[in-house]
Amino acid sequence: WAPLSSSPHTNSTTIMAVEFDGGVVIGADSRTTTGAYIANRVTDKLTPIHDRIFCCRSGSAADTQAIADAVSYQLGFHSIELDEPPLVQTAANLFKQMCYRYREELMAGIIVAGWDKRRGGQVYTVPMGGMLVRQPVSVGGSGSSYIYGFIDSKYKSGMTKEECLRFTADALALAMERDGSSGGVVRLAAITESGLERSVILGNQLPTFFSA
Amino acid sequence: MLGESSIQPEWLSEEVKTGTTIIAIGYEGGVVLGSDSRVSAGASVVNRVMNKLSPLHDKIYCALSGSAADAQTIAEIVNYQLDVHSIEVGEDPLVRSAATLVKNISYKYKEELSAHLIVAGWDRRAGGQVYVTLDGLLSMQPFAVGGSGSSYIYGFVDAEYRKGMTKKESQEFVVNALTLAMGRDGSSGGVAYLVTIDQEGAVERCIPGNELPTFFDQ
């Protein structure tokens, strides 16, 4: 009988990112599991890579932490060489290069999102396998399957920051309700030219929907 | 010659599944059932216009998903059993009776079969009802989704469902849900079939792909 099983820690998860005019909104649940045990119920899966660039991590907790650390280092170095804040596309490409080269060994699904001066708010998704594509809205993790329909029906371009925050919180709450591997609290962040605003929505304050 | 693959195409040896999205919802006075129309064998679509909403009786239908052969056979057997039962009792059968017959087969042969049927209809005693018979359980629900495409619309149906929708709102709900699922699930597609059942009877409708609603990425 081993509740602290020997399974690897995974962030089977729901993560999401949305572009708006002037920045991005990113969000994630907070559950990390080893087998059926919830190793961390208040995980922070939104990881800073640079001042205005974040990544949302899903898959193996160890793999994604290691990749994020490596890319933060590479990006920091690159930014000093350039003497300029780095581009979101650069960060995304660094993730892609690492995830593609080591695709057989890694289990990592990452969404890179942030703001830069050249292209404003951008969301890039680097799913398992190591492809890279920019999308106005992107979801990932095991819980994402359940909310594709919701996102397809509710997303419209030209939303404000507040609308994006609301949309992300709703989508994550719906996924957490259906996916056993997602749960806990909803962590949100809004990244714009002026900076970063982080917030947390606790379990009892989550939006509620109908459940059959 | 060594290493040459068989002369027959691959799909002839693949199991035929109704990949599928199926949905049923009860409203005041009746039910609406909906399904897509794709039947796949591996990566091939062997029927792009199959109607997966099968009548069990005049005002009771079931929606098929899983293995096409298993689902069709269960529906045919229950159709026969319901005919006998309704003659014996001398009146229209209850939806719960139909669902129980489906459940009995699904449960008894659960190791051999791989099909999930949603049973929905109208009867005089309890009006419109929707029953789920997955894996041999029997559960009445306000609405139900099933099939491979259903995973993608759980969030949508949880967010959009409200109690007390009208017939028209329920039909729109079903069409939107099917369209969204067909947009994301490779095993669902084609046209949307709808059946609306109330006290008057059952009305079938087919909505071709180009008349389905479109969403932001189209």
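Biologist: How many salt bridges does the rule find across the interface of chain A and chain B?
Modeller: In this predicted model, the rule finds 3 salt bridges across that interface.

Biologist: What makes the meeting of K154(A) and E160(B) a salt bridge?
Modeller: Set the value against the cut-off. The side chains of K154(A) and E160(B) come to 2.6 Å, N to O. The rule asks for a Lys or Arg side-chain nitrogen within 4 Å of a carboxyl oxygen of Asp or Glu. The pair has a Lys nitrogen and a Glu oxygen at 2.6 Å, so the pair counts as a salt bridge.

Biologist: Which elements of chain A give two or more residues to the side that touches chain B?
Modeller: They are helix 3 (148-154) and helix 4 (161-178) of chain A. Helix 3 gives the most, with 7 residues.

Biologist: How do the residues on that side of chain A divide?
Modeller: There are 11 nonpolar, 3 polar and 3 charged residues.

Biologist: How many residues does each chain bring to the contact, and what area is buried?
Modeller: Chain A brings 17 residues and chain B brings 18. The buried area is about 1700 Å², and carbon and sulfur atoms give 66% of it. The two chains also share 5 residue pairs in polar contact, counted with both residues at pLDDT 80 or more.

Biologist: Now to T20(B). Where does T20(B) lie?
Modeller: T20(B) is in the loop between strand 1 (16-18) and strand 2 (22-27) of chain B. An unreviewed UniProt entry lists T20(B) for "active site".

Biologist: Why is T20(B) called buried?
Modeller: Buried means under 20% relative accessible area. T20(B) has 0%, so T20(B) is buried. Setting aside residues up to four places away in sequence, T20(B) touches several others, among them D36(B), K52(B) and D185(B).

Biologist: Is T43(A) buried or exposed?
Modeller: Its relative accessible area is 8%. That is under the 20% cut-off, so T43(A) is buried. T43(A) sits in the loop between strand 5 (37-40) and strand 6 (46-50) of chain A.

Biologist: What makes the link between T43(A) and T32(A) a polar contact?
Modeller: The two side chains are joined at 2.7 Å. The limit for such an N or O pair is within 3.5 Å, so the distance fits.

Biologist: And S182(A): where is its place, and why does S182(A) count as buried?
Modeller: S182(A) is in the loop between helix 4 and strand 12 (186-192) of chain A. Its relative accessibility is 1%, under 20%, so S182(A) counts as buried. The side chain of S182(A) reaches the backbone oxygen of T13(A) at 3.4 Å.

Technical notes
Residues are numbered from 1 along each chain as its sequence is written. Chains are lettered from A and ligands numbered from 1 in the order in which they are written. This is a predicted model: local features need pLDDT of at least 70, side-chain atom pairs count only at pLDDT 80 or more; totals for chains, interfaces and linings use all residues. Side-chain values use heavy atoms; hydrogens and water are left out. Helices (H or I, at least four residues) and strands (E, at least two) are DSSP runs, numbered from the N terminus. Buried means under 20% relative accessible area, exposed over 50%, partly exposed in between (1.4 Å probe, protein chains only). A polar contact is a pair of N or O atoms within 3.5 Å; within protein, one must be able to donate a hydrogen and the other to accept it, and residues adjacent in sequence count only if both atoms are side-chain atoms. Contact means heavy atoms within 4.5 Å. Buried area is the accessible area (1.4 Å probe) that two parts lose on being put together, summed over both. Ala, Val, Leu, Ile, Met, Phe, Trp, Tyr, Cys and Pro count as nonpolar, Asp, Glu, Lys and Arg as charged, and the others, Gly among them, as polar. UniProt positions are given in the numbering used here, feature names are shortened, and annotations may be inferred rather than shown by experiment.
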